[in-house]
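Trainee: I would like to go through the helix packing and the voids here, and hear the reasoning behind each label.
Mentor: Go ahead and ask.

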Amino acid sequence: MTHKITLIPGDGIGPEVAQAAKRCIEATGVKIQWDEVIAGQSALLKTGELLPQSTLDSIKKNKVALKGPITTPVGTGFRSINVAIRQALDLYACVRPAKSYAGVRSYYKDIDLVIIRENSEDLYAGIEFEEGLEPTKALIDEISRLSKKNIRPDSGISIKPISKSASERIVRFAFEYALANNRKKVTCVHKANIMKFTDGLFLNTARLVAEEFSGKIAFEEAIVDNMAMQLVQKPHNYDVLVLPNLYGDIISDLCAGLIGGLGIAPGANIGKESAVFEAVHGSAPKYAGLNKVNPTAMILSGVLMLRHIKEEAAAMKLEEALKKVLSEGDSVTYDLKPDRQDPTAAGTKEMADAVIANIRR
Ligand code: NAD
């Protein structure tokens, strides 16, 4: 069967890592017809739009996309094109596995965590009121009237909506993910002691969903600040973590740190209809075009994508080939070498070549 998949190379280092991942995926023998479309600065230059409708239409039609990182230009209407894509396609579940690979230097060994981050609401809803403007003053007055609490008149305000329905679907996703992937425990991470009506709602909803899975998947609760410390001290005590949007963003970077950095942290944004696979890292503009950065996060995002399209054998082949390159430590990029100045470090393309050679071996 030939899969139709949207490919968005992205900005900065995006085209290099996307090309590396695409070549590795193709080397597994899986049949893919790529529909290459643009978003971000490259799209702005060509079409005058950061996120052309044709790009969204391609993902909607194909239902699966592999996406390179996109630079968010400062001073435009968009907060982030990534957030815009997630919202436009209702990609409500962000899945970020954090797994140790032999050969990748880290303070920790044998980390195997999965972060499930709610992707559609919370402080990422983009509902903000700028300090000093009339609507902000009116909102401050109204909140003070309703809550009987004072907000300083020179405040800016960001709104944090958390709904029962979005909390329910993300927690259900986390439990179903745990069941399908042979995981043992889901930890709900929150700050419900302070934000009773938002994080409190998230937690209460999680407790209800957890009851449905009782006896199959264990459930645990953790306050986000304590979770940050626990992850640094005892990361092996955790398995699948489910979090509201902002905490999910922060904790997944922390977890990327546990396994050796952003260069090796993959991700997926999944909705009922479509899914977009992308590395956790950004477009690292200073490395653009240098054939220098690590393609691992993007290749591992490709592994997640292959699993999503039910090409398990190809996914395993690709992950095993990559593991071998990482553990041998020869054909790896500068960031994976003990000395970052090591002149023998491979380029992005050459590391992908080594993975492909292993697939074909
Ligand atoms: P970044 O992840 O692009 O870079 C931070 C640093 O991490 C880099 O300087 C580099 O040292 C390291 N790094 C990142 N990827 C690497 C790789 N593959 N190999 C080796 N080292 C790597 O984060 P930033 O500098 O905060 O953001 C740059 C741009 O990317 C911004 O415009 C931001 O909005 C955007 N961004 C996009 C996404 C996305 O598209 N999903 C995610 C995060 C940031």
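Trainee: Why are H11 and H12 called oblique to each other?
Mentor: This is a predicted model. Helix H11 (residues 312–328) and helix H12 (residues 348–360) pack at an angle of about 120°, and their axes are 8 Å apart. Roughly perpendicular covers 65 to 115 degrees and roughly antiparallel starts over 145. The angle of about 120° falls in neither class, so H11 and H12 are oblique to each other. The crossing of H11 and H12 is right-handed.

Trainee: What makes the contact between H11 and H12, and how is it classed?
Mentor: From H11 come Lys317, Leu318, Ala321, Leu322, Lys324, Val325 and Leu326, and they meet Met351, Ala354, Val355, Asn358 and Ile359 in H12. By class, this contact of H11 with H12 has 9 nonpolar, 1 polar and 2 charged residues. Asn358 is in the contact, and Asn counts as polar because Asn is in neither the nonpolar nor the charged list.

Trainee: Why is H1 described as roughly parallel to H12?
Mentor: The axes of helix H1 (residues 14–27) and H12 cross at roughly 10° and come within 9 Å. Angles under 35 degrees count as roughly parallel, which makes H1 roughly parallel to H12. On the H1 side, Glu16, Val17, Ala20, Arg23, Cys24 and Ala27 take part; on the H12 side, Thr348, Lys349, Ala352, Asp353, Val355, Ile356, Ile359 and Arg360 do. The classes in the contact of H1 with H12 are 8 nonpolar, 1 polar and 5 charged.

Trainee: What makes H6 oblique to H7?
Mentor: Helix H6 (residues 164–180) and helix H7 (residues 199–212) have axes that cross at roughly 45° and come within 9 Å. Roughly parallel needs an angle under 35 degrees and roughly perpendicular begins at 65. With roughly 45°, H6 is therefore oblique to H7. The crossing of H6 and H7 is right-handed.

Trainee: Which residues bring H6 and H7 together?
Mentor: Lys164, Ser167, Glu168, Ile170, Val171, Arg172 and Phe175 in H6 meet a set in H7 that consists of Leu201, Phe202, Thr205, Ala206, Val209, Ala210 and Glu212. The contact of H6 with H7 has 8 nonpolar, 2 polar and 4 charged residues.

Trainee: What lines the largest pocket?
Mentor: Its lining has 28 residues, of which Val95, Tyr177, Asn181, Leu304 and Arg307 lie nearest the centre of the pocket. The volume of the largest pocket is about 770 Å³. At least two lining residues each come from strand S4 (93–99), strand S5 (112–118), H6, strand S11 (266–270) and helix H10 (296–308). H10 supplies the largest share, 5 residues. By class the lining of the largest pocket divides into 19 nonpolar, 2 polar and 7 charged.

Trainee: How many cavities of 30 Å³ or more are there, and what volume has the largest cavity?
Mentor: The count is 3 cavities of 30 Å³ or more. The largest cavity has a volume of about 40 Å³, and a cavity differs from a pocket because a 1.4 Å probe fits in a cavity but cannot get out.

Trainee: Which residues line the largest cavity?
Mentor: They are Arg96, Pro97, Ala98, Ser252, Ala256, Ile259, Ala265, Pro266 and Val280. S4 and helix H9 (245–258) each give at least two of them, and S4 gives the most, with 3 residues. The lining of the largest cavity is 7 nonpolar, 1 polar and 1 charged.

Terms used
Residues numbered from 1 in each chain as written. Predicted model: local features only at pLDDT ≥ 70, side-chain atom pairs only at ≥ 80, totals over all residues. Heavy atoms only, no water. Axes fitted to C-alpha atoms, helices over the stretch in contact; angles between N-to-C directions. Helix = DSSP H or I, 4+ residues; strand = E, 2+ residues; numbered from the N terminus. Left-handed = near helix turned anticlockwise from the far one by under 90°. Contact = heavy atoms within 4.5 Å. 1 Å grid on protein atoms, 1.4 Å probe; cavity = no way out; pocket = protein on both sides within 12 Å on 5 of 7 lines; lining within 4 Å. Points joined across faces, edges and corners; volume = space filled by probe spheres on them.
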